[in-house]
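Good morning, colleagues. Please take a moment with the sequence and the structure before I describe them.

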Amino acid sequence: MSALTAYARTLAAERQIAQPVASVRHVHVSDRPLVFVPLQLAGEANAPLAAIVGSDRGTPTVLTVAEPRDRNQRFAFIADLADVILPYIEGYPLGTREAKNGNLVPVAGDAPQLIVPGPAAVAFTRLLGRSARFRRTDGPYAVPATVPLVGRWLSFYSERPEVPGSSLTLVVTDALASHWATGQSPEEDLNLASILGWIAPPPGMTGAEAALLAEDPVRCPPAGPATDPTFDNEVLEGLIKAVRAARLTGGGSGRIRHALTEELRTQLEPTWERMWQAVDLLRALRPGDHVASRWERDCSAFARYADWARATGLPQPKHDGAVQASRRLWDLEEDQRRFAAERAYDDPLVMAEHRMSGEAFAGTVAAAEPTRVDASGRRRVLRPRITVETGDRVVVEPGTVLTSPARTAQEARVISVEAGERTLVTLELQKGMGQSLTPPPGSVPELGERVCYATFNLGYQRRPEFPPREETPWTHGGPPAPYVPPDENAQEAWS
Amino acid sequence: MTGSGAQVPGTEARLARIRGRAMPKSHNARTIAALASNPGCARRAIMDAAGVDKQRLAAHLGYPAPFGQSRFALARGNAFEAQLKADGAAQILHLLRENLGLPLEQAHYIDLDDVGGNPGMDLRHARTRQLLARPEGTMFDHPVLRLQVGGRHAYLEPDLIAVQVGEAFRIVEIKSFPVIDGQADGGKVAAAAIQSAVYVHALRDLVGDDKVHHETILICPKDFSNQPTAQRLDVRKPLTVLRRQLSRLTRIEDLLKLLPEDLTFDLDPDPDDKTATHRRDPETLKDAVSQIDARYAPGCLSTCELCYFCRAKSSGQTARLGQQALEDLGGLDSIPAVLGLASGALRPSPERAEATAVLRQVVALRAEVFGREPEPTPAYPEVMGEAV
């Protein structure tokens, strides 16, 4: 957060309606996302209770478990879930492309997008994937082949929210909160119905009023995975007992199971509607310029994983090896840097935060020498200079190289900074102006032009060489044994 | 420390009056942790000291607490603890041997759940004290410890205390959230660590600092099973925080001095009505509760039963927007002041000049981005023109 976001929160509280903190959309929203809202049984380790899932708003699939503490029923649930998720993923075919070095790399023109209500649903999905991906299709407790397969996909998709800028898994409350500030706290923004209430209250209601109503679990059942404890105690417990009793006595179990499903449906359907409402809200925003290229990187990540999974047939290991973990960490840091820069370049409101911190400044061109030539070296080179007049706080030092969102290929070296009521920054430009000594029109900012310069850029940083896994240094445990999922993973104890 | 807790005569009577005719609710590690997380809240401090049933109070005020406990969670928690403690805590003993290297012959298990059939806290505390002074056992189940909170005693029941021969006591905490592939929910582990720290603090009070280990043992179900797994938990950090926060708690006597003598949260139960109807007028109850200052923060939403009431009464405070927002606004605690200073309708006092400069910058940047003049801000006559 920043003073800008905090101020937007106070404005939202005052005006009783959420305020934008982004002027464009920074996430990709698929034309056909898969919305997944899981519920779990309280107190148990990742026991699925129910889910509503599907890629078509009008025809969701509702899945329920009559006895979540029964191992067989859990995996029957996961198999049912696989019947929805796997065909959806198969709708996104893989291709290959020849890389510069001649290798064929997997590619995908588009990728499946998973949309879940909040961070808790991601955590639940991660464990659901973990519980399913090691299961065997033979031996004791055999499961259908789709169970470990969907477990691997759920594991992959639940890791993606960690990657800055990735939209393969869209976490709705996070996505909404990064585009709107509400008049409440970030803790309260985790409630889907509540944050939606602030952003798009029903007619005749303020955002604050809608958010208050959203806290009534009878009117707005929680978006899960935790259920409303009162629902557990007053409705669910009785029905689960009745199903068990009916099965023991051998009569009427169909009717009571139906009743259970219907009750769980009442807990899921309002959230289903809200998820699509959130999708609509996000879709209505104009996407930022870099959203498409980030989605392409997402598609590559999807294709790479799909290819790895198909080639090895292995579940992801429980823990990364040392080399893989270091590589992953480096990638995450680079993604973070790039995402922050792209967001700022795409969105003046985000850039404003960097202007407040002094990492960027904006102003007007007060003087320009567009045809200035530097003849001091062996070769005469075009080095135009401009002086930018700004009211922003400028903390850059002479010698720093800056970049402007309007001319990302051009480098601007700070020559001098003259502080005063309005600060004057003189910049020397190179690159992005062709080969001749006369800059093409538009390549050098003109007198009076509004410009912005930042200390960060969109440049791609090459990943440094990491040793191959078989050369893992002894400081990192030495080379790991080749990855073979041990039997104990498949045969672990279940309550 | 126990010596300093001399109770001022009349304090008990006043707290009893505040509580009214309801059964007192006693402190536990969870409530002490919650109190310590917001030591500036006099409302919670008084209510907890008086043993007020905050859940019932909140419901009567028309602001029922947002959290309840699912019976599924309760059942699982109880079953797991019962399984661990069955047969003289055989499973715990096994884990302790693995984790603490406890010699095999040490397997003594003492249940302190009641003393000769008497479950009174005073008696159980005395018995715990006596046994821990000359530890002949290995595991003490249901011990009763005592802690000074706001100058008053609170009784606590850790899950278990284990002793290692020739070394220190250890607190054992049993939780039913799973540890999957060596990882558990960070928030839940942190909460367990704070609760264990409360017990360590109380036990050190009883037997001395050097006799209680700063590492506690957390026992949880492993992966997706009911098999227990034990982790060592270093609680030095939460312990330091807890100590500091407890020392910041104002003495209850001092808080009481600020309150009217006849203050009570009695709900006026109907003695003839078996359904326990409460006849207290909610409006007078609201007035009574409002007599004590509260310090609402969004963190209260997960720890205090009164949170919705306090939140409703905190409109206009930046604290309700979250700790981060409060800090980003330079500590300005009132929303009208933030908006007034930002628009220029209010003149900042010198100590607010810096925060105001930031706000002015924010307003200018927003106006630039949205391409319009800053929206008119409503005037606040009561603070208008004055430096705030």
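In this predicted model, strand β2 of chain A, residues 34-40, runs parallel to strand β7 of chain A, residues 114-116, and 2 bridges join them. Within that pairing, Val35(A) stands opposite Ile115(A) of β7(A). As a general point, the strands of a sheet pair through backbone hydrogen bonds, either parallel or antiparallel.

Let us place these two strands in their sheet. The sheet is open and has 5 strands, in the order β4-β3-β2-β7-β8 of chain A, with mixed pairing. Which strands stand at the edges? They are β4, residues 61-64, and β8, residues 169-171, both of chain A. Each has a single partner strand, so one side of each is left without a neighbour in the sheet. On average, neighbouring strands of this sheet are turned by 20 degrees against each other, direction ignored.

Next, the helices that meet this sheet. Helix α3 of chain A, residues 119-133, lies across β2, β3, β7 and β8 of chain A, and the helix runs at about 80 degrees to β2(A). Helix α10 of chain A, residues 253-283, also packs on the sheet, where it touches β2, β3, β4 and β7 of chain A. The direction of α10(A) makes about 140 degrees with that of β2(A).

I turn now to a single residue of chain A. Gly238(A) is found in helix α9 of chain A, which spans residues 229-249. Is Gly238(A) buried, exposed or partly exposed? Gly238(A) is partly exposed, because 14 other C-beta atoms lie within 10 Å, a count between the limits of 12 or fewer for exposed and 20 or more for buried. Gly238(A) and Leu260(A) are 22 residues apart in sequence, and their C-alpha atoms are 9.5 Å apart in space.

The next topic is the contact between the chains. Chain A gives 41 residues to the contact and chain B gives 40. On the side of chain B that touches chain A, the elements giving two or more residues are α5 (71-100), α12 (323-328), α13 (335-343) and α14 (353-370) of chain B. By class, that side of chain B has 22 nonpolar, 12 polar and 6 charged residues.

Finally, a word on confidence. The predictor assigns the complex an ipTM of 0.86 and a pTM of 0.91. For chain B the mean pLDDT is 84, and 87% of the residues reach 70 or more. Residues 1-8 of chain B have a pLDDT below 50, and this stretch has 8 contacts in the model beyond near neighbours in sequence. Residues 373-387 of chain B also have a pLDDT below 50, with 22 contacts beyond near neighbours in sequence.

Key. Residues are numbered from 1 along each chain as its sequence is written. Chains are lettered from A and ligands numbered from 1 in the order in which they are written. This is a predicted model: local features need pLDDT of at least 70, side-chain atom pairs count only at pLDDT 80 or more; totals for chains, interfaces and linings use all residues. pLDDT is the predictor's confidence in each residue, from 0 to 100. Two residues are in contact if their C-beta atoms, placed from the backbone, lie within 7 Å. Two strands pair if DSSP finds at least two bridges between them. Helices (H or I, at least four residues) and strands (E, at least two) are DSSP runs, numbered from the N terminus. Axes are lines fitted to C-alpha atoms, for helices over the stretch in contact, and angles run from 0 to 180 degrees between N-to-C directions. Ala, Val, Leu, Ile, Met, Phe, Trp, Tyr, Cys and Pro count as nonpolar, Asp, Glu, Lys and Arg as charged, and the others, Gly among them, as polar.
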